[in-house]
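Colleague: Could you show me how to read a helix and a chain contact in a model like this one?

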Amino acid sequence: MQRYSFLNLAWQALRGNASWQPAWREPRLKTGYDVIVIGGGGHGLATAFYLARKHGVRNVAVLERGWIGGGNSGRNTQVARSNYFYPVSSAFYDHSLKLYEGLGGELNFNVMLSQRGLIALAHSEHELEFLRRWCNAIRMNNVDSEMLAPEEIKRIASPIDLQGRFPVFGGFTQRRAGISRHDAVVWGFARGASNLGVDIVQNCEVMGFDIVGGRVHGVRSSLGPITADKVVMSVAGYSSHLAKLAGLRIPITTMALQAMVTEPVKPVLNAVVMSGSVHAYVSQSDRGEIVIGGGADAYNSYAQRGGLPQLRATIGAVLELFPSFSRLKLMRQWAGRVDITPDTSPLMGLTPVEGLFINCGWGTGGYKAIPAGGDTMAHTVAIGTPHPLIAAFGLDRFKTGALVDEGAAAGVAH
Amino acid sequence: MLRISCPYCGVRDETEFHFGGPSHISRPPETVDDSTWSEYLFVRDNPAGLHFERWLHAYGCGRWFNMARDTLTHEIRAIYAMGDPRPDL
């Protein structure tokens with residue numbers, strides 16, 4: 001792999017940048033692999049990367065029906081955090097945050113991780129009590145978190161209006177939380193995986209599965225049939241559709257989650273500020289854009305665009321908290337196709353079809369989970385049993401009743 | 001903004017309504033096994049395309065009705081009374 005380094009940059013620049021190699025190969029699709037990963041988003045590419053990197057499983061294909069990172073991986077608000085409530089969730093998401101902390105070095109790709117901290121706001125005494133309980137739970141899970149007084153919040157997020165329509169009674173922070181560059185994470189994993197021998201095939205849609213005697217033997221794709229002993233479904237919003245092709249029905253509802261950015265301005269906000277009760281969160285990208293997100297639109301949608309009511313509610317909430325932002329032009333607005341589960345925890349691990357694995361149900365919170373999602377799924381596929389960190393997120397929990405309800409703790413309730 | 005034709009009040013903005021999830025899910029008797037019960041509670045078709053769903057005119061007449069809507073385009077294909085069967089579309 002052509003390493004990215006200051007020396008290489010300088011050397012290439014002196015030679016007119018004529019000999020940079022493509023970041024990932026465009027291979028000819030083979031007729032069979034050991035593992036097929038369906039879905040070329042962050043999770044799918046990370047799964048392929050860790051399969052090759054940590055388990056020596058390199059005869060892998062990632063099949064992406066569009067372009068890699070064109071789904072939710074390219075539509076999120078780039079937040080990485082691990083402030084969850086339940087021990088099983090905390091352990092998973094903090095593993096992911098720790099992987100993010102070393103990711104740039106691991107992938108030799110600048111993922112632009114900026115651990116600028118996250119602040120969750122309380123707008124009443126009751127909410128402050130609720131945040132104290134949540135903060136304590138985070139600390140008991142051995143993850144960093146501390147309460148903040150309003151003045152401390154004002155010092156960190158100076159454009160905030162503490163005395164507006166939604167007064168700020170205080171909040172908590174996770175200082176290790178932050179943002180990274182979503183495209184870089186996708187491209188970094190793609191480049192890493194491709195360099196280790198993984199075939200990344202774009203414009204290849206899976207139309208069906210070859211399942212005999214309850215066991216998967218391959219897939220039927222728009223580019224022809226491909227055999228594999230192990231297949232991973234990692235397609236987020238289209239998971240119900242893909243699972244149905246395998247004869248499975250899963251507890252997923254697909255909805256539109258909107259996000260937007262303003263015109264770029266000079267640095268003004270150096271934290272990710274989240275308000276659970278008014279349903280919005282804000283940060284500033286490294287390009288200077290104010291990045292805004294909120295709750296999902298209320299009804300099932302595959303449209304990848306939301307409607308005006310939710311947009312208005314989200315922007316309205318942000319402007320009450322940050323009145324000066326009303327002067328900014330909204331530059332771009334879009335939506336992802338999020339796969340919501342009944343308990344807002346993911347669906348990971350084995351399926352009733354032998355050799356067929358699933359990784360979905362990330363809902364509005366999949367970006368922060370990309371490294372750990374890939375790492376644990378790679379382990380699960382290579383070894384054959386769920387990685388300990390994802391044992392609680394199996395499909396069977398909906399039968400046993402062992403739901404992991406992170407709805408309140410996920411930050412923005414679905 | 002979805003413009004929804006409430007069968008009782010006429011066309012109103014979606015902000016007057018509350019989405020009530022998919023229609024035509026019948027509650028099974030309580031004697032079924034855990035698998036069947038959990039399917040009823042949690043498993044959904046979640047189609048990319050025509051979807052039959054329930055809506056409540058929460059800030060209007062307060063009544064429920066059914067809707068057939070395309071989840072890819074958001075086009076409302078039919079509105080029919082609560083309790084009526086799925087229309088043939």
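Modeller: We'll go through one helix and then the place where two chains touch. This is a predicted model, where local features need pLDDT of at least 70, side-chain atom pairs count only at pLDDT 80 or more, and totals for chains, interfaces and linings use all residues. Residues are numbered from 1 along each chain as its sequence is written, and chains are lettered from A and ligands numbered from 1 in the order in which they are written.

Colleague: Which residues of α4(A) are buried?

Modeller: General idea: an α-helix has 3.6 residues a turn, so residues three or four places apart point the same way. Helices are DSSP runs (H or I, at least four residues), as are strands (E, at least two), numbered from the N terminus. "Buried" means 20 or more other C-beta atoms within 10 Å of a residue's own, "exposed" 12 or fewer, "partly exposed" in between, with C-beta atoms placed from the backbone. Here, the buried ones are Leu131(A), Trp134(A), Cys135(A) and Ile138(A). They cover an arc of only 105 degrees around the axis (using directions from the helix axis to the C-beta atoms), so they sit on the same side of α4(A).

Colleague: What does the face turned away from the buried side carry?

Modeller: That face of α4(A) has the exposed residues Glu125(A), His126(A), Glu129(A), Arg133(A) and Met140(A).

Colleague: How many residues of chain B are in contact with chain A?

Modeller: Contact means C-beta atoms, placed from the backbone, within 7 Å. Here 19 residues of chain B are in contact with 20 residues of chain A. The largest share of chain B's side, four residues, comes from α1(B).

Terms used: Two residues are in contact if their C-beta atoms, placed from the backbone, lie within 7 Å.
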